[in-house]
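Trainee: Please take me closely through one part of this model, namely how its side chains pair with one another, and please keep to what the atoms show.

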Amino acid sequence: WIILWSPGPAPIPDDAWERLAGGERCLAQAIYFEARGEPLEGRMAVAQVVLNRVADPRWPDDICAVVFQNEDRRHRCQFSFACDGRSDRPREDLAWSSALKLARTVTAGHLRDLTGQATHYHALGVKPFWASTFTPTVTIGHHRFYRAGS
C-alpha cells in the first residue's frame, strides 16, 4: 500500500513554544505572518530583509528586536503582524513548520540574498509613503523589495 496522506505536524505545545530559540522563533513568526502564502523565494526574501536589518547599524542587532521593533505602537511597527492587536501565535501547523524550518536554515547561514540587500518591502497592493525614498531591487511573489540609497 502507498500512503497518500499523512497528518501534518502536531500543534506546538506551550512548553515547546517557549523553548524555541528566540531568534529562530521570531524569524519564523515574521516568515509565517508576512509571507506564508508566498512561494519559497518570497518567504526567503522576507527572512533576508530581517537579516539585512540585523546587519545594518540603523536597526537593532538582534532578530527578535528587529522583528518586534515598535510593537507597542499599534499599526506603526516594522512588521505589521507585530502590532496589529492579534495573537502572534501561528494557527496553521504546516505553514508554521515550514516557516520554522526555513528560519533554522537561514539562521544557520544557508541562504543566498535574493533581495539585493533590501531592508524594506511591501505588498504590491499598497503604496507606502516611504517607497519613493528607497531604491527598488526586486519583486518576488506579491512583495516589492527596496534598499536605502541609490
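Mentor: R86 counts as exposed, with 64% relative accessibility (buried is under 20%, exposed over 50% and partly exposed in between, using a 1.4 Å probe on protein chains only). Its partner D84 has a relative accessible area of 16%, so D84 is buried, and the two side chains meet in a salt bridge at 3.7 Å, N to O (a side-chain nitrogen of Lys or Arg within 4 Å of a carboxyl oxygen of Asp or Glu). Keep in mind that this is a predicted model, in which local features need pLDDT of at least 70 and side-chain atom pairs count only at pLDDT 80 or more, while totals for chains, interfaces and linings use all residues. Residues are numbered from 1 along each chain as its sequence is written, and side-chain values use heavy atoms, with hydrogens and water left out.

The count of salt bridges is four, among them the pair of E24 and R104, whose closest N and O atoms are 3.2 Å apart. Because E24 sits in helix α2 (residues 22-35) and R104 in helix α5, this salt bridge ties together parts that are 80 residues apart in sequence (helices are DSSP runs of H or I with at least four residues, strands are runs of E with at least two, and both are numbered from the N terminus). E24 is partly exposed at 21% relative accessibility, and R104 is also partly exposed, at 40%. Another salt bridge joins D56 to R58, with 2.6 Å between the closest N and O atoms; here D56 is buried, its relative accessible area being 14%.

Turning to the rings, the count comes to eight aromatic pairs (rings of Phe, Tyr and the six-membered ring of Trp with centres within 6.5 Å, called stacked if the planes are under 30 degrees apart, edge-to-face if over 60, and tilted otherwise). In one of these, the ring centres of F79 and Y121 lie 6.2 Å apart and the planes stand at 45 degrees, so the pair is tilted. F79 is in the loop between α4 (63-67) and α5, whereas Y121 is in strand β1, and the pair therefore ties together parts separated by 42 residues in sequence. Both of these residues, F79 and Y121, are buried. Y121 also forms a tilted aromatic pair with F145, at 5.5 Å centre to centre and 35 degrees between the planes. That second pair links distant parts of the chain, since Y121 belongs to strand β1 and F145 to strand β3, 24 residues apart, and both Y121 and F145 are buried. Elsewhere, ring pairs link Y32, F33, F68, F81 and W96 into a cluster.

F145 leads on to T115, a residue in the loop between α5 (93-107) and β1 (120-123). With neighbours within four places in sequence left aside, T115 is in contact with F145, and also with A45, Q48, N52, T137 and V138 (contact meaning heavy atoms within 4.5 Å). The relative accessibility of T115 is 1%, so T115 counts as buried.

L40, by contrast, is partly exposed, with a relative accessible area of 42%, and is found in helix α3 (residues 40-55). Although L40 and I140 are separated by 100 residues in sequence, their C-alpha atoms are 9.8 Å apart in space.
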